[in-house]
Amino acid sequence: SGLFQGHGRALRRVNPNIQQGLSGNYFMYDAIDRWTPENPGGSKPKAFNWSEEYWRSSHITTYFYHDMSFVRLKNVQLSYNLPESFMNKVGVKNTKVYVSGQNPWLVWAAQDIQDPESRNGMNSYPLMKTFALGAQISF
């Protein structure tokens, strides 16, 4: 059994790193292909010192909004009943073995900057993956 979950056509404002410029570093995502005099056709805005650019907080552009569409395998359980003819030889009636997983696989995400289910963007951890292996044995 299993459960896939996701959503499409969802935008979220990804907060820019306020430690940009002289007071800190840029994320690699923001640094690659940004505008420079040598790269005037860059797909990202030019570098700036956040503390000096008073207008940045009041003039938010679509650049800060990212598509958070995704599909994730939320849980899966695989089980197998061992053959009775084999198990009777060792004195066991029934044996079922199983493996299960919670959040084992992010099947697809529209962007690869952050986990699409993270609560507040880049300041949170991605969902934990949990796996279990077990058996049900009847004597």
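In which order do the 4 strands of the open sheet stand, and is their pairing parallel or antiparallel? In this predicted model, the order is β1-β4-β5-β6, and the pairing is antiparallel. At the edges of this sheet stand β1, which covers residues 2-7, and β6, and each of these strands pairs on one side only. If direction is ignored, neighbouring strands of the sheet are turned by 10 degrees against each other on average.

As background, strands of a sheet pair through backbone hydrogen bonds, and they may do so in a parallel or an antiparallel way. One pairing can be followed here in detail: β1 and β4, the latter made of residues 70-81, run antiparallel and are joined by 6 bridges. Within this part of the structure, Phe-4 stands opposite Leu-73, a residue of β4.

**The chain as a whole**

The protein chain contains 2 helices and 6 strands, and, read from the N terminus, these elements follow one another as β-β-α-β-β-α-β-β. Of the 139 residues in the protein chain, 24% are buried, while the accessible surface comes to about 10000 Å², with 56% of it belonging to carbon and sulfur atoms. When contacts between residues at least 6 apart in sequence are considered, 70% of them join residues at least 24 apart.

**Two buried residues that touch**

His-66 and Gln-111 can be looked at side by side, beginning with their accessibility.

| Residue | Relative accessible area |
|---|---|
| His-66 | 10% |
| Gln-111 | 11% |

Because buried means under 20% relative accessible area, His-66 counts as buried at 10%, and Gln-111 is buried as well, with its value of 11%.

His-66 is found in strand β3, which spans residues 65-67, whereas Gln-111 lies in the loop between β5 (94-109) and β6 (130-138). Leaving out residues up to four places away in sequence, His-66 touches Ala-10, Leu-11, Arg-12, Val-14 and Tyr-29, and also Gln-111 and Ile-113. Seen from the other side, and again without the neighbours within four places in sequence, Gln-111 is in contact with His-66, Asp-67, Met-68 and Pro-116.

The side chain of Gln-111 can also be described through its polar surroundings, for one of its polar atoms lies 3.2 Å from the backbone oxygen of Gln-114. Gln-111 thus appears in two descriptions, once through its contacts, among them the one with His-66, and once through the polar atom of its side chain beside Gln-114, at 3.2 Å from that residue's backbone oxygen.

Technical notes: Residues are numbered from 1 along each chain as its sequence is written. This is a predicted model: local features need pLDDT of at least 70, side-chain atom pairs count only at pLDDT 80 or more; totals for chains, interfaces and linings use all residues. Side-chain values use heavy atoms; hydrogens and water are left out. Buried means under 20% relative accessible area, exposed over 50%, partly exposed in between (1.4 Å probe, protein chains only). Contact means heavy atoms within 4.5 Å. Accessible areas come from the Shrake-Rupley method with a 1.4 Å probe; for residues, only the protein chains shown count as cover. A polar contact is a pair of N or O atoms within 3.5 Å; within protein, one must be able to donate a hydrogen and the other to accept it, and residues adjacent in sequence count only if both atoms are side-chain atoms. Two strands pair if DSSP finds at least two bridges between them. Axes are lines fitted to C-alpha atoms, for helices over the stretch in contact, and angles run from 0 to 180 degrees between N-to-C directions.
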